Amino acid sequence: MKGWEELCRHALANTRRCLETLRADPRSRTDHERQHRLRGDLATHCHNRQDLEQWEFEVTSGGRVRYVIDDAAHTVWIIYASPRHPKDTDV
């Protein structure tokens with residue numbers, strides 16, 4: 001994934017921490033400032049014809065990883081990864 005590779009080039013240690021967190025506990029609430037479920041229209045994302053919970057991990061001040069949690073498949077799907085903040089959450 002191009003965005004993931006770019007994020008690694010900008011913040012390798014933080015991206016690694018993100019990956020480890022997503023593997024261990026994708027719904028972690030220990031650092032709600034850095035990792036949280038999105039709200040409103042962004043709270044779910046249709047992936048493989050399923051509406052799944054959509055979460056976001058703040059890797060850097062601008063860098064984000066968005067992912068959905070597929071409990072049935074025991075899988076976390078990365079939807080967006082970039083060192084730039086997605087514009088759809090700007091107010």
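**Group meeting: helix 1, its neighbours, and a look at D51**

Okay, let's start with the sheet end of things: strand 4, residues 64-70, and strand 5, residues 75-82, run antiparallel and are joined by seven bridges. Keep in mind that what you're looking at is a predicted model. If you want one pair to click on, take Y67, whose bridge partner in strand 5 is I78. The two strands make a hairpin, with four residues between strand 4 and strand 5. Have a look at H74 in that turn, too, since its phi is positive, at about 50°.

Right, over to helix 1. Which of its residues are buried? That would be G3, W4, E6 and L7. Looking down the axis of helix 1, you'll see those buried residues fall within an arc of 165°, so they line one face of the helix. And what do they pack against? Helix 2, strand 4 and strand 5, so to speak our hairpin strands again plus a helix. Flip to the other side of helix 1 and you get K2 and R9, which are exposed.

Let me stay on E6 for a second. E6 sits in helix 1, which covers residues 2-10. Is E6 buried or exposed? Its relative accessible area is 17%, and the cut-off for buried is under 20%, so E6 counts as buried. Leaving aside residues up to four places away in sequence, E6 touches P83 and R84.

Now the helix pair. Helix 1 packs with helix 2, residues 12-24, at an angle of about 130°, and the axes are 5 Å apart. An angle of that kind is neither over 145 nor in the 65 to 115 range, so we call helix 1 and helix 2 oblique to each other. On the helix 1 side, the contact is made by W4, L7, C8 and H10, and on the helix 2 side by L12, T15 and L19. Sorted by class, that contact has five nonpolar residues, two polar ones and no charged ones.

Last stop, D51, which lies in strand 3, residues 50-58. Here the relative accessible area is 61%, and exposed means over 50%, so D51 is exposed. D51 touches T44, H45 and C46, again not counting residues up to four places away in sequence. If you'd like a distance to check on your own screen, go from D51 to T21: they're 30 residues apart along the chain, and their C-alpha atoms are separated by 22 Å.

That's my tour, over to you.

How values were computed. Residues are numbered from 1 along each chain as its sequence is written. This is a predicted model: local features need pLDDT of at least 70, side-chain atom pairs count only at pLDDT 80 or more; totals for chains, interfaces and linings use all residues. Side-chain values use heavy atoms; hydrogens and water are left out. Buried means under 20% relative accessible area, exposed over 50%, partly exposed in between (1.4 Å probe, protein chains only). Contact means heavy atoms within 4.5 Å. Axes are lines fitted to C-alpha atoms, for helices over the stretch in contact, and angles run from 0 to 180 degrees between N-to-C directions. Angles under 35 degrees count as roughly parallel, over 145 as roughly antiparallel, 65 to 115 as roughly perpendicular and the rest as oblique. Ala, Val, Leu, Ile, Met, Phe, Trp, Tyr, Cys and Pro count as nonpolar, Asp, Glu, Lys and Arg as charged, and the others, Gly among them, as polar. Two strands pair if DSSP finds at least two bridges between them. The arc is that of the directions from the helix axis to the C-beta atoms.
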